[in-house]
Amino acid sequence: MTARRWLLLGALPLAAAAQAAPDTRAGEQVYARCVACHALAYDRVGPLHCGLLGRRAGSVPGFAYSEAMKHAGLTWDEKTLDRFLAGPMKVVPGTAMTYDGIPDAKERRDLIAYLRQAGDSPQCRASK
């Protein structure tokens, strides 16, 4: 085998590790940063997160969203949420969310996996 091929084969485990399955336990730890403003089943300073995936941005009834979020035209899926979490103010300029975002891609994947799982939790089912 050529040296180049060995180098490429040696990089495969690193690439696979970077795309490892999301860890919902780690995602729950990332979510701990969010609870200053958000909760799963009720509104706080920020809107509730139960039912987030698949929901249109700015659409929780009774929550006082910024005009920017109301008119963002986003639907929260994994791709959109990943972009938003990386830089909220870049994705929705004028958002009232003042958190700078989560720069680490694995942390974002873990958090999104946690939110997906939490959406099926008894806590979220009870809030419907």
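Where does Ser 66 lie? Ser 66 sits in the loop between helix 2 and helix 3, the latter covering residues 67-70. Please keep in mind as you look around that this is a predicted model.

**The chain as a whole**

The chain contains seven helices and zero strands. Followed along the sequence, its pattern reads α-α-α-α-α-α-α. The chain has 128 residues, and 34% of them are buried. If you take the contacts between residues at least 6 apart in sequence, 41% of these join residues at least 24 apart.

**Back to Ser 66**

Is Ser 66 buried or exposed? Its relative accessibility is 15%, and buried means under 20%, so Ser 66 counts as buried. Setting aside residues up to four places away in sequence, Ser 66 touches Gly 94, Thr 95 and Ala 96.

**Helix 5 and its two ends**

Helix 5 spans residues 88-91, and Pro 88 is found in it. Val 91 belongs to helix 5 as well. With a relative accessible area of 0%, Pro 88 is buried. Val 91, in contrast, is partly exposed, with a relative accessible area of 23%.

Their partners are worth a look too. Leaving aside neighbours within four places in sequence, Pro 88 is in contact with Thr 95, Met 97, Tyr 99, Asp 100 and Gly 101. Val 91, not counting residues up to four places away, touches Leu 74, Arg 83 and Phe 84. Thr 95 is thus named as a partner of Pro 88 and also as a partner of Ser 66.

**Helix 2 meets helix 6**

Now turn to Gly 27, which is found in helix 2. Gly 27 is buried, with a relative accessible area of 0%. Beyond residues up to four places away in sequence, Gly 27 touches Asp 110, Leu 111 and Tyr 114.

Leu 111 returns that contact: leaving aside neighbours within four places in sequence, Leu 111 is in contact with Gly 27, Val 30, Tyr 31, Cys 34, Leu 85 and Ile 102.

For three residues described so far, here is how separation along the chain sits beside separation in space, taken from C-alpha to C-alpha.

| Residue pair | Apart in sequence | C-alpha distance |
|---|---|---|
| Pro 88 and Asp 100 | 12 residues | 6.7 Å |
| Val 91 and Leu 81 | 10 residues | 9.9 Å |
| Gly 27 and Ala 113 | 86 residues | 6.8 Å |

**Aromatic pairs**

How many aromatic pairs does the count come to? The count comes to three aromatic pairs. In one of them, the rings of Tyr 31 and Tyr 114 have their centres 5.4 Å apart and their planes at 45°, so the pair is tilted. This pair links distant parts of the chain, with Tyr 31 in helix 2 and Tyr 114 in helix 6, 83 residues apart. Both Tyr 31 and Tyr 114 are buried. Tyr 114 also appeared above as a partner of Gly 27, while Tyr 31 was listed among the contacts of Leu 111.

**The nonpolar core**

In soluble globular proteins, nonpolar side chains tend to be buried together. Here, the largest nonpolar core holds 25 residues, and Leu 40, Trp 76, Leu 111 and Leu 115 touch the most other members. Helix 2 (24-31), helix 4 and helix 6 each supply at least two residues of this core. Which helix gives the most to this core? That is helix 6, with five residues.

**The largest pocket**

Rolling a probe the size of a water molecule over the atoms shows where empty space is left. The volume of the largest pocket in this model is about 620 Å³. Its lining is made up of 33 residues, and those nearest the centre are His 38, Gly 46, Pro 47, Phe 84 and Met 97. The elements giving two or more residues to this lining are helix 4 (78-86) and helix 6 (105-118). Helix 4 has the largest share, three residues.

What kinds of residues make up the lining of the largest pocket? They divide into 22 nonpolar, eight polar and three charged. Two of the residues nearest the pocket centre, Phe 84 and Met 97, have been met already: Phe 84 is touched by Val 91, and Met 97 is in contact with Pro 88.

Note on methods: Residues numbered from 1 in each chain as written. Predicted model: local features only at pLDDT ≥ 70, side-chain atom pairs only at ≥ 80, totals over all residues. Heavy atoms only, no water. 1 Å grid on protein atoms, 1.4 Å probe; cavity = no way out; pocket = protein on both sides within 12 Å on 5 of 7 lines; lining within 4 Å. Points joined across faces, edges and corners; volume = space filled by probe spheres on them. Helix = DSSP H or I, 4+ residues; strand = E, 2+ residues; numbered from the N terminus. Nonpolar A, V, L, I, M, F, W, Y, C, P; charged D, E, K, R; others polar. Core = buried A, V, L, I, M, F, W, Y, C linked by side-chain atoms within 4.5 Å. Buried < 20%, exposed > 50% of the residue type's maximum accessible area, 1.4 Å probe, protein only. Contact = heavy atoms within 4.5 Å. Phe/Tyr/Trp six-rings, centres within 6.5 Å; stacked < 30°, edge-to-face > 60°.
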